[in-house]
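Student: I have a structure to study, and I would like to understand why its parts are given the names they are given. Could we go through it step by step?

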Amino acid sequence: MSRQTGPKAGKPEPLATPMEDTDIIDFEIIELFFFAYRDFVSDPDAILEKSGFGRAHHRVVHFVNRNPGMTVADLLETLKITKQSLARVLKQLIDSGYIRQVAGPEDRRQRKLYPTKSGRELALALAEPQSRRIERAFEGASAEVREGVKAFLSGMRDRQKAD
């Protein structure tokens, strides 16, 4: 009986060499994004955790505060999440007094979202540590560098339609 070799023969062989950059893959940039994102969300995560909220709540609170009166449909489009996911998060934020949902003036089926005073305070409490982190990173940088970073981040976004 012959012994099998290759991938189907027992355990896969471990690779001891690290992945290296290629012409199209820059692992250093990818890792910097991982670490920057981890640290960027860590302060708001700690604040949200005290209320039993998570990152989805953060995004809803942020965008409703930035666009008071936006519709639920607009928020769904902005966040690219399902109605079911948004419904759960939105109910918690409404029940907790951070967001108000109001029927549209022309179409009563349309639901417009507004922050409450406590919703605005929460949004600011979440944004302040992130803003301090951003300002520390830009310390000593020129206005041109700041604009370059904004252009780079804008270029990273997926765009289904023009903003």
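Tutor: Let us begin with β1 and β3 in this predicted model, where β1 is joined to strand β3, residues 111–115, by 2 bridges, and the two strands run antiparallel.

Student: What makes β1 and β3 a pair of strands?

Tutor: Two strands count as paired if at least two bridges are found between them, and β1 and β3 are joined by 2 bridges, so the condition is met. In detail, M70 has L113 of β3 as its bridge partner, while T71 stands opposite K112 in β3.

Student: How do you know that β2 and β3 pair?

Tutor: The requirement is at least two bridges, and β2 and β3 have 5 bridges in the antiparallel sense, so they pair by that rule. Within this pairing, Q101 stands opposite L113 in β3.

Student: Why are β1 and β2 said to stand at the edges of the sheet?

Tutor: The sheet is open, has 3 strands, and follows the order β1-β3-β2 with antiparallel pairing. β1 (70–71) and β2 (99–103) each have a single partner strand, so one side of each is left without a neighbour in the sheet, and that is what puts them at the edges.

Student: Which helix packs on this sheet, and what does the helix touch?

Tutor: Helix α2, residues 55–66, packs on the sheet and touches β1, β2 and β3, with its direction making about 95 degrees with that of β3.

Student: H57 lies in helix α2; why is H57 called buried?

Tutor: Buried means under 20% relative accessible area, and H57 has 4% relative accessibility, so H57 counts as buried. Leaving aside neighbours within four places in sequence, H57 is in contact with R88, V89, Q92 and L93.

Student: And what makes H58, which is also found in helix α2, buried or exposed?

Tutor: The limit is again under 20% for buried, and the 13% relative accessibility of H58 falls under it, so H58 counts as buried. Not counting residues up to four places away in sequence, H58 touches P44, L48, L126 and Q130.

Student: Let us turn to charged side chains: how do you know that R133 and D43 form a salt bridge?

Tutor: The rule asks for a side-chain nitrogen of Lys or Arg within 4 Å of a carboxyl oxygen of Asp or Glu, and for R133 and D43 the N to O value is 3.2 Å, so the pair qualifies. This pair links distant parts of the chain, with R133 in helix α5 (residues 117–138) and D43 in helix α1, 90 residues apart.

Student: Why are R133 and D43 called partly exposed?

Tutor: Partly exposed is the class between under 20%, which is buried, and over 50%, which is exposed. R133 has a relative accessible area of 24% and therefore belongs in that class, and D43, with 29%, therefore belongs there too.

Student: What makes E121 and K117 a salt bridge, and how are they placed in helix α5?

Tutor: Their closest N and O atoms are 3.0 Å apart, which is within the 4 Å limit, so they form a salt bridge. Being 4 residues apart in helix α5, E121 and K117 are separated by about one helical turn. As for exposure, the limit is over 50% for exposed, so K117, with a relative accessible area of 66%, is exposed, whereas E121, with 44%, is partly exposed.

Student: How many salt bridges are found in the whole structure?

Tutor: A search of the whole structure finds 8 salt bridges, including one between D39 and R38, whose closest N and O atoms are 2.8 Å apart.

Student: One last topic: what makes V145 suitable for a nonpolar patch on the surface?

Tutor: A patch residue needs over 30% relative accessible area and no salt bridge, and V145, which lies in helix α6, has 42% relative accessibility, so V145 passes the area limit while counting as partly exposed. The patch is formed by I29, L32, F33, V145, V149, F152, L153 and M156, with about 680 Å² of accessible area together. Helices α1 (27–49) and α6 (143–156) each supply at least two residues of the patch, and the largest share, 5 residues, comes from α6.

Terms used
Residues are numbered from 1 along each chain as its sequence is written. This is a predicted model: local features need pLDDT of at least 70, side-chain atom pairs count only at pLDDT 80 or more; totals for chains, interfaces and linings use all residues. Side-chain values use heavy atoms; hydrogens and water are left out. Patches are made of residues with over 30% relative accessible area and no salt bridge: like charges are joined within 9 Å, nonpolar side chains (Val, Leu, Ile, Met, Phe, Trp, Tyr) within 5 Å. Accessible areas come from the Shrake-Rupley method with a 1.4 Å probe; for residues, only the protein chains shown count as cover. Buried means under 20% relative accessible area, exposed over 50%, partly exposed in between (1.4 Å probe, protein chains only). Contact means heavy atoms within 4.5 Å. Axes are lines fitted to C-alpha atoms, for helices over the stretch in contact, and angles run from 0 to 180 degrees between N-to-C directions.
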